[in-house]
Amino acid sequence: MDFALTEDQTALKVAARTYLEDTYGLERIAALADGDAHDLAAWPELVRQGWLDPDLGLAELVLLAEEGGRALHPVPWFATAGLALPVYRAASVEPAGPATLADGSGTCRATRRDDGWRLDGAVQAVLHADVATEIVVAARTPAGVALFGVAPSAASLSSRDGVDPLRATSDVALAGAEGRLLAGPPSAAPLLAAIRSRAKTLLAGEAIGVADRALAIAVEHAKTRSQFDRPIGSFQAVSQQLADGYAEVELARSLAYRAAVAGTTEAVACAAHAASRAAVSVCETAIQVCGGMGVTWEFPLHRWFRRALWLEAELASGPLEAIAHSLFGEHS
């Protein structure tokens, strides 16, 4: 199978990187991380550039996620495109703006009333619920799982402290909240399962971007920082670490692209495991290469390390079990 990028995919990746590099320099990312954490003013431009176009396949979305991770894109694109958008597309409607998904399939229930559907329950750590124009909530009904659109004003939101300030999460509590039905049973349950797989694939792509940017920062430092009148990158102890990091990134990238094309449980699990490990490992290597400077608040590396830790937590559930099952079947 050929995993080489097509001409259109390459152009998409280049255009995304150019836009993100021109818009989000290191100082701006630092200001957003220490301040508002979101650049919602950029949302219309993102839509205009086609980041939510229905013509984009999963492979193209992974490329955008990769570039987003590389830049620490401070816009709720993943929560919208990766989590909520498939529900809107299934319902043949378009979101009014940034949206997110609250998977309350095990903690929320929906009741049919004369005036529509009412939802009760709670979901923890919902990504970007604080800035979403609508929250897509998975809830149980007497007939099975269904997906509803809920206005944030109809829910009680409690912000949570997290490792990455650019990935804000909130606990969402629902008490008789009005919901509009977007997908009912029996189609909602398989749609929710597909979204979970889609999200892991996109996060694997994002993890590659995080690792790639951390490696680039470390390589640039190794080229310019000198010891004993030589760039530190010329020393084997440093160059070997960077070479190992490069190998990790390329392996994870290949697996993520494979997952985007193949879409099997095994392919997604391999990509999630390799990419999350690469993100954390390469960030740690970059910090070591940069020495004392690498652990200072002013130096940017800690922001990518924070994202890597967030991604590791998001992707930690299930990949090794899925890989083992693909190898050993029911005996794993």
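This report describes the overall form of a predicted model of one chain and then looks at some of its strands and residues.

## The chain as a whole

The chain holds 332 residues, and for a compact globule of that length a radius of gyration near 20 Å would be expected; the value for the chain is 21 Å, which agrees with that expectation. Taken along its principal axes, the C-alpha trace spans about 80 × 50 × 35 Å. Its secondary structure amounts to ten helices and nine strands, and buried residues account for 50% of the 332 residues.

Of the contacts in the chain between residues at least 6 apart in sequence, 74% link residues that are at least 24 apart.

## Surface and charge

About 15300 Å² of the chain is exposed, and carbon and sulfur atoms supply 53% of that area. The chain carries 27 positive and 40 negative charges, and the mean positions of these two sets lie 2 Å apart.

## Strand β1 and its partner

Strand β1 covers residues 99-103, and because four of its five residues are buried, this strand is largely enclosed by the rest of the structure. Strand β1 is joined by five bridges to strand β4, which covers residues 134-141, and the two strands run parallel. Within this pairing, Thr100 stands opposite Ile135 of β4.

## The pairings of strand β7

Strand β7, residues 169-183, follows a loop that connects it with β6, residues 156-160. Strands β6 and β7 run antiparallel and are joined by five bridges, and in this pairing the bridge partner of Leu157 is Val172 in β7.

Strand β3, which takes in residues 116-127, is also antiparallel to β7, and nine bridges join the two. Here Val123 has Val172 of β7 as its bridge partner, the residue that is likewise the bridge partner of Leu157. A further antiparallel pairing, over three bridges, links β7 with strand β5, residues 144-150, and in that pairing Gly149 has Arg180 of β7 as its bridge partner.

## Asp171 and Ala168

Asp171 is located in strand β7, and with a relative accessibility of 23% it counts as partly exposed. When neighbours within four places in sequence are left aside, the contacts of Asp171 are Val123, Gln124, Ala125, Ser156, Leu157, Ser158 and Arg160. Among these, Ser156 is 15 residues from Asp171 in sequence, and the C-alpha atoms of Asp171 and Ser156 are 8.0 Å apart in space.

Ala168 sits in the loop between β6 and β7. Residues up to four places away in sequence not being counted, Ala168 touches His38, Val126, Leu127, His128 and Asp130. Ala168 and His128 are 40 residues apart along the chain, yet a distance of 5.5 Å separates their C-alpha atoms.

## Arg253 in helix α7

Arg253 belongs to helix α7, which extends over residues 236-262. Its relative accessible area is 12%, and because a residue under 20% is classed as buried, Arg253 falls in that class. Apart from residues up to four places away in sequence, Arg253 touches Glu66, Ile208 and Asp212.

Key
Residues are numbered from 1 along each chain as its sequence is written. This is a predicted model: local features need pLDDT of at least 70, side-chain atom pairs count only at pLDDT 80 or more; totals for chains, interfaces and linings use all residues. Side-chain values use heavy atoms; hydrogens and water are left out. Buried means under 20% relative accessible area, exposed over 50%, partly exposed in between (1.4 Å probe, protein chains only). Two strands pair if DSSP finds at least two bridges between them. The radius of gyration is taken over C-alpha atoms; the globule rule is 2.2 Å times the number of residues to the power 0.38. Contact means heavy atoms within 4.5 Å. Accessible areas come from the Shrake-Rupley method with a 1.4 Å probe; for residues, only the protein chains shown count as cover. Lys and Arg count as positive and Asp and Glu as negative; His and the chain ends are not counted. The place of a charge is taken as NZ of Lys, CZ of Arg, CG of Asp or CD of Glu.
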